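Student: I would like to practise reading strand pairing in a model. Could we go through one together?
Tutor: Gladly; here it is.

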Amino acid sequence: MFISLALVMSMGLAACADNEVTLYQNPVARWSLPDPSVIRASDNYFYLYATEDTHNVPIYRSKDLVTWRYAGTAFTDATRPMDFVPNGSIWAPDINYVNGQYVLYYSKSEWGKTWECGIGVAVSDRPNGGFHDAHKLFISSEVNIENCIDPFFIQDDGHNYLFWGSFHDIYGVELTEDGLHVKEGAEPRKIAGGLIEATYIVKHRDYFYLIGSAGTCCEGAKSTYRLVMARSKNLFGPYVDRNGRSAIGDNFSPLLNASPQVYGPGHCSEFVEDDAGQTWVLYHGFQASDVDAGRVIYLDKVTWGSDGWPQIQGMRPSTEAEAPLFGTAGLSAPLSASADADYLILPTEARGMYLIDSPDDMPFRWQLFHVNGTLVGHGEARQTAVVDASQAARGMYVIKIDGPDGCQSEKFVKM
């Protein structure tokens, strides 16, 4: 039986390099990661979750929003939510930190089955997987709202709320204090019409900004996806576009359109602030140069106009831009972006098998020790390696890595 185990504790984990980055090129992740949701965890890494083009919901991590590396999956086959839409896929995860735990909202759906789909929730004590206690919040037929997918969680004035919807109006409802259930007696309230899906709401100064995606998401070069927006002084509306027209009447203002290089940009992540106070957003789109790669990840800077509305330069995806600024020691210190230069040691689906992922293509050596100091195994590799301890006795072990220039990493793991 496979024991899905977190890396229990770590020691001596250090970045082997601190790469100065001034410019980045889009896309920042050239793998299909639709519908990104991102969070900055207590370890100061960003974790990105996406619709499961990778089975069981892929998770990637980054120090700088530019360099992304695989960090695991939210679920395993054993923990995968099955209490509704058993044959459905998991779409549009939304990651949050609520009351001391990571809370993941997700859609469960099959294409075309707009009354059978629904939204669920699961929890974990770590950001890179281990989600459990997954359960249904509701399905479309139970709340009489068609196509209940694309959840988005927000807190306002001490209360928890969930918004959702996909081309059949956008709704919101209050949740319980722990965010794991719909509050007893709460009824869904409509805030926008059927033009959009992929709801994201951000508060800036006196307004809530409702950002959604209009058009077709998934038709490659024919995709018409784009980001649009409306705003309100109250979380539940009324939301209006720049001309004061109602979002319930499907009136929105443009935020981001396609370009000759990018088809169908949309379904944005949460807005993220870097250490210099700049605002950034991730979203998916198709590369014109490689449509078959799927919906890859783009990053762009968001600025706020004198009228308060968010804007992305040119209303088109950038191809190259100045990178986010992280790792500041103070306002007087030079600002730079810092790439992820740590070795990742990740559990796999098989008991006793761990994947080592190197930050570069340089050779490295690994050793596996029992906690009593006995050497159990060793090997050499470039970029990736698999530590096979499936025949080892159960207990605590240490994986030690020696990289170039004296770089070392160690992890405690449990077999």
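Student: Which residue in strand 6 is the bridge partner of phenylalanine 46?
Tutor: Keep in mind that this is a predicted model. To read a pairing, start with one residue and look across to the neighbouring strand. Here, phenylalanine 46 has serine 62 of strand 6 as its bridge partner.

Student: How many bridges join strand 5 to strand 6, and in which sense do they run?
Tutor: Strand 5, residues 46-49, and strand 6, residues 58-62, are antiparallel and joined by 4 bridges.

Student: What is the strand order of the sheet they belong to?
Tutor: Read across the sheet from one edge to the other. The order is 4-5-6-7 in an open sheet of 4 strands, with antiparallel pairing. Strand 4 (37-40) and strand 7 (69-73) each have a single partner strand, so one side of each lacks a neighbour in the sheet. From one strand to the next, the twist averages 30°.

Student: Where are the edges of the sheet with the order 12-13-14-15?
Tutor: Try the reading again here. This open sheet of 4 strands also has antiparallel pairing. Strand 12 (152-156) and strand 15 (189-192) are its edge strands, each pairing on one side only. Ignoring direction, neighbouring strands of this sheet are turned by 30° against each other on average.

Student: And which residue of strand 14 stands opposite tryptophan 164?
Tutor: Look across to tyrosine 171. Strand 13, residues 159-164, and strand 14, residues 170-174, pair over 4 bridges in the antiparallel sense.

Conventions. Residues numbered from 1 in each chain as written. Predicted model: local features only at pLDDT ≥ 70, side-chain atom pairs only at ≥ 80, totals over all residues. Heavy atoms only, no water. Pairing = 2+ DSSP bridges. Helix = DSSP H or I, 4+ residues; strand = E, 2+ residues; numbered from the N terminus. Axes fitted to C-alpha atoms, helices over the stretch in contact; angles between N-to-C directions.
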